[in-house]
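Let's take a look at one helix and one lysine, and see what sits around each of them. Keep the structure open while you read.

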Amino acid sequence: MKLGLLTAICEGMTFEEVVDFAAETGLECLEVACWPAGGAKRRYAGVSHIDADRVLSDDAYAAHVVDYAAARGVALSSLGYYPNTMDPDLEKRASYVAHIHKLIDASAKLGINMVTTFVGRDPRKNITDNLELFKEVWPPIIKHAEEAGVKIAIENCPMLFTEDEWPGGQNIMTSPANWRKVFAIANSDNFGINYDPSHFVWQQIDYIKPLYEFRDKIFHVHYKDIKLYPDKLADVGVMATPLEYMSPKLPGLGDIDWGKYVSALTDIRYSGYTCIEVEDKAFEGSLEDAKNAVRLSAKYLRNFVI
């Protein structure tokens, strides 16, 4: 397994600065945030460390991206972009899907061959109706990925943390039960999972067991911890917005047993990319705080990932 970083936390740094920082920190790979120009309003979104448009139009720039990372011993694990590709607003949906298609081509050109994202969800519709929407939106994306030789890894984040996202959320790939339903529709070797155990913790789902069942579908892995507050949960209940009773934390500072988790990854012979995802509010004061969060996370995870 290679230990790396999702670069969204490095807002304000150039691609070269992020690569240098990763190398200095002893990280081996980067999941590179690749939002389109104009960004996004959501926390940890809107960051772009590789310009996909420029990759596709400027061969010298594309070569520089590849060569700069390779010269410093840092692999590029994926181009990461996490919108709601099944947004009920058709104009937004079209723009999100268009950028996914662009990232598939850019990822292929760079030799990365991975895009990490969300499936999305119309929050006004139930799961059954959203599965019908999935049949409309996603087959052309998956076909494009197959033709380009690119894998798409879907993170299992429900995206229902804020009041405007609650209660439906913005992603249906949130549980093993939903994974089975989606994979029954999209039976493709190029369509799989970006596995984040933290989202299972607050949903009260076993975060170890699915690793074994879906071992062949796990293309990419996140390291992010979650800390539950039982007293708050007892006050607001599971139907509250999740941030009312939990907080994202750095690996080792929450409730996940990382030794048990990495042990399961070795059981299934996972040998791919594993990336730290920093969303800990205690480390949001400055860019240096964010960099320290990465350093602390890497130091802790080196107990398990060599």
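## What hides inside helix H4

This is a predicted model. In helix H4, the buried residues are Arg93, Val97, His99, Ile100, Leu103, Ile104, Ala106, Ser107 and Leu110.

So what covers them? Among the elements over the buried residues of H4 are three other helices to find on screen: H2 (52–57), H3 (59–71) and H5 (127–148). Strands S3 (75–80), S4 (114–117) and S5 (151–155) are part of that cover too.

## The helix from end to end

H4 covers residues 90–110, which is 21 residues. From its first C-alpha to its last, H4 reaches 30 Å, close to the 30 Å expected at 1.5 Å a residue.

Now check both ends. At the start of H4, Asp89 has a side-chain oxygen within 3.0 Å of the backbone nitrogen of Glu91. Just after H4 comes Gly111, with a positive phi of about 75°.

## A lysine in a loop

Next, jump to Lys224, which you'll find in the loop between strands S7 (218–223) and S8 (225–228). Is Lys224 buried or exposed? Its relative accessible area is 2%, so Lys224 counts as buried, the cut-off being under 20%.

## Who Lys224 meets

Leaving out residues up to four places away in sequence, Lys224 touches Asp196, Ser198, His199, Pro248, Lys249, Ile256, Trp258, Glu277 and Glu279. With His199, there's a side-chain to side-chain polar contact of 3.4 Å. The side chains of Lys224 and Glu279 are also joined by a polar contact, this one of 3.3 Å.

One more pair to try: Lys224 and Leu253 are 29 residues apart in sequence, and their C-alpha atoms are 9.6 Å apart in space.

Conventions
Residues numbered from 1 in each chain as written. Predicted model: local features only at pLDDT ≥ 70, side-chain atom pairs only at ≥ 80, totals over all residues. Heavy atoms only, no water. Helix = DSSP H or I, 4+ residues; strand = E, 2+ residues; numbered from the N terminus. Expected span 1.5 Å × (residues − 1). Buried < 20%, exposed > 50% of the residue type's maximum accessible area, 1.4 Å probe, protein only. Contact = heavy atoms within 4.5 Å. Polar contact = N/O pair within 3.5 Å; in protein donor to acceptor, adjacent residues only side chain to side chain.
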